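Reader: Take me on a close walk around one pocket in this one, please, then on to a helix and some backbone oddities. I've got the viewer open and I'm in no hurry.

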Amino acid sequence: MPLLFAVAALSGAALAFEILVMRLFAIIQWHHVAYMVISLALLGYGVAGTFLAFTKEWLKRRFDLAFAASAALFALSALASVTVVERIPFNPLEFGWDFDQQLNLAALYLLLALPFFFVASAIGLSYSHLTREIGGIYRADLLGAGLGSLAIIGLLFVLDPEDGLRAIGALGLIASALALLGAKGKGRLAGFACLAPLLALVLLWPGALIAPTPSEYKALSLALRVPGAEIIAQRTSPLGRLDLVESPTIPFRHAPGLSLASRLEPPEQLGLFTDGDSMQAITRFEGDLERLAYLDMQTGALPYHLLERPKTLLLGSGTGGGIWLARLHGAASIDAVELNPQTVELVKDRFAAFAGHVYEGPELSVHIAEARSFVQTTQASYDLIQLSLLDSFSAAAAGVHALNESATYTKEAFEAYLARLEEGGLLAITRWLRVPPRDALKLFATALQALEARGASEPENQLALIRGWKTTTLLVKNGAFEADEIAALRRFCTERWFDLAYYPGIEAGEVNRYNLLERPYLYLGTKALIGPQAQSFMGNYKYALEPATDDKPYFGHFLKWRALVELIGLRAKGGLALVEWGYVILLATLALALAASAVFILLPIPFLKRAARSRSQGPSSEGPGFARIAGYFFALGLAFLFIEIAFIQRFTLFLGHPLYAVAVVLAAFLVFAGIGSGFSQWLTKEAGGPSSAGYRGRAIAIAISGIILVALAHLVALPPLIESAVALPRAAKIALALLLIAPLAFFMGMPFPLGLSRIAHDRPALVPWAFGINGFASVISAVLATLLAIHLGFTVVVGLALALYLSAALVFGRAR
């Protein structure tokens, strides 16, 4: 049936557009802005349901042409909205106090909601028009979305974002053409006549209009303002856009936290920016290691002064600075782990001569992998495991990592790192220094808990912390620090004018000597954390210092509610600069989504009630009422994404790469849910049809019982199963992930079409309204799941999803 292929194509294009817009906004703005904008733009799905509630009868009489027009408008609005959005002067750094920026943000929402509105109008109209094919339409919708998510992730490895956007527009026009095959008469001919010039317009859309341009406040834009600075190489992928910049007039001098006592400076450098920010440097090397001695004047060099020729693991090797530091100190072997293969390709291949072939050498092994996953799969042991500045200072200072899930700095991660250390080995972690301190103290608290979990009786004797003017370095030893090591640590700091913050036996008079702070915050904080009142200290501290865990992997979340109120009250004194804006934006997104959902869900109810009375379709003893319909579809929308988001997080470590987790888990849920949707049609017939009591008591109950039982089995069995299979080859792990997800996704694909079929039989005028409610809930779910995971953890998120599914069955199906 051409229409089902049209639904699949349009749904695939919509999900691909969603992923692509996230990628574009991560380049143009920052990740947290992308998250907020795309979440609220998806309200277009819910608004379309409200729109159809008023217009569906008129549109159903012109169904094929209406579907084709909506698909074509999606294609055009996708390109046009991105074109205009790029030219809106939105600056999120001024959002809290500049009303113009708030208006700019509203314009972003409206523009990006348009493509999703047109997609939802076409698909929602299909549900209303072809009520006997709801299961098949939903199956096509999900299968198309699953394939679209895989396709765009793959395409972004070989296409620029602007070419990907053109491909999405072309796919929307293909969906329009498929819909026109069902039309008749002059309308069909006119439709096909319009598609040819529209396709030419989409494919020839000027790349300059849609190519992402980073905000003028991002590091790349600032670097390019220097006369003579230019981009000399660029790479793009779903992992990020890399821009390599040469600045001959005012050369780069990238040496984060370089000692103020240093008289050394870096050789010539090229700046490598990820998504317009997070700068690293490729340093020229011509064979003389003494030219790189400046690396020894940073806090991250400390462990090499406590170890002799260590076997070293570098997690996040980037452009090779850590490799040169290890070589400078004669490391016996180096394992370099880097997430983005294009970073390694730039340094290792095209600019290998400039970089002195840093990624070559008999002592070096290079691994493309996620840091934590590599540690859990390797069988090697090391004298030194080093993590250094894995995010940019500007992003850390703005608090935009509050929404970033990361398994790198959790308590379980520390336990994994310590398990791979030789006796007496060191874990060294360098982070940016922020005042008041939060990162360093949270790392310290995490290390304490990890050591205690591994049986350390005096964990405070295994820790040391130093700071410079911009960075801190934490050492965690597999064993207690000896007197000669403490002497070497003190000597290292004295010679480089770094400040001691903690070591076993430190005295108050030794701290805050060189890089003066108002108070010795880190010393006072670490002393409190090792004392008997540690919990009281963390509870009273202005920022959240509780260690992140694998179940709550938000290391970057520091904001407390009472501190937020206090900082807003101090806005006239600069208090807003201390706000963790990622979390605030999450709250604002949720509030706006709830408000918009309430308006558009309630708006059509009077109209629908009048229409129902005029058609004698009022509530009956058999047909569900407005409240039950709203409760059922809202619960389904929340629950589906709750589980999907939680499983992406759970499988990230197992599959070894966040990209694999997103692609495999998202595609698996959508594809197998689509198969389950098709099965629901058969289940409906076996249960006696949508009008029977058997349908109410059996079909929905079977589907939701299956979801609850399989999900509970996952909660119990999945963690040990994943841990036991973590060493399998990647292909085998992907196959196992699909096998584990398939039964749950299969059942999750059934409640929506079963419920919508019931509505189509009993209350057909309410089909688009129910579809819209589900769309609103899906938007809220993505935001709410993150908020709940930050505070309660992903296990609770899954538990709440199961409670929502159960409530849906009880409210709507009255299942026994």
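Author: Quick bit of vocabulary: helices (H or I, at least four residues) and strands (E, at least two) are DSSP runs, numbered from the N terminus. This is a predicted model, where local features need pLDDT of at least 70, side-chain atom pairs count only at pLDDT 80 or more, and totals for chains, interfaces and linings use all residues. Residues are numbered from 1 along each chain as its sequence is written, and side-chain values use heavy atoms, leaving out hydrogens and water.

Now, the second largest pocket. A pocket is an open set of points on a 1 Å grid over the protein atoms alone where a 1.4 Å probe fits, with protein on both sides within 12 Å along at least five of seven lines; lining residues have an atom within 4 Å of a point. For the second largest pocket that makes 22 lining residues, and if you want its centre, look for Arg-372, Gln-376, Asp-550, Leu-653 and Glu-723, which lie nearest. The elements that each put two or more residues into the lining are α13 (371–377), α15 (411–419), α23 (626–655) and α25 (693–724). Helix α25 has the largest share, with five residues. By domain, at least three lining residues come from each of domain 3 (296–556) and domain 4 (631–816), with bounds from an automatic or database domain assignment.

Next, helix α18, residues 521–529. Its buried residues (under 20% relative accessible area, 1.4 Å probe, protein chains only) are Leu-522, Tyr-523, Gly-525, Thr-526 and Leu-529. Look down the axis of α18 and these buried residues fall within an arc of 165°, going by the directions from the axis to the C-beta atoms, so they line one face of the helix. Among the elements covering them (contact means heavy atoms within 4.5 Å) are two helices, α16 (439–453) and α19 (534–540), plus strands β10 (463–467), β11 (471–477) and β12 (499–502).

Some loops deserve a stop too. In the one between β9 (421–432) and α16 sits Pro-436, joined to Val-435 by a cis peptide bond with omega about -5°. Between α17 (483–496) and β12 you'll find Trp-497, which isn't a glycine yet has a positive phi of about 60°. Trp-497 is partly exposed (20% to 50%), at a relative accessible area of 42%. Then there's Asn-512, in the loop between β12 and α18: phi is positive here as well, near 55°, again in a residue other than glycine. Asn-512 counts as buried, at 17% relative accessibility.
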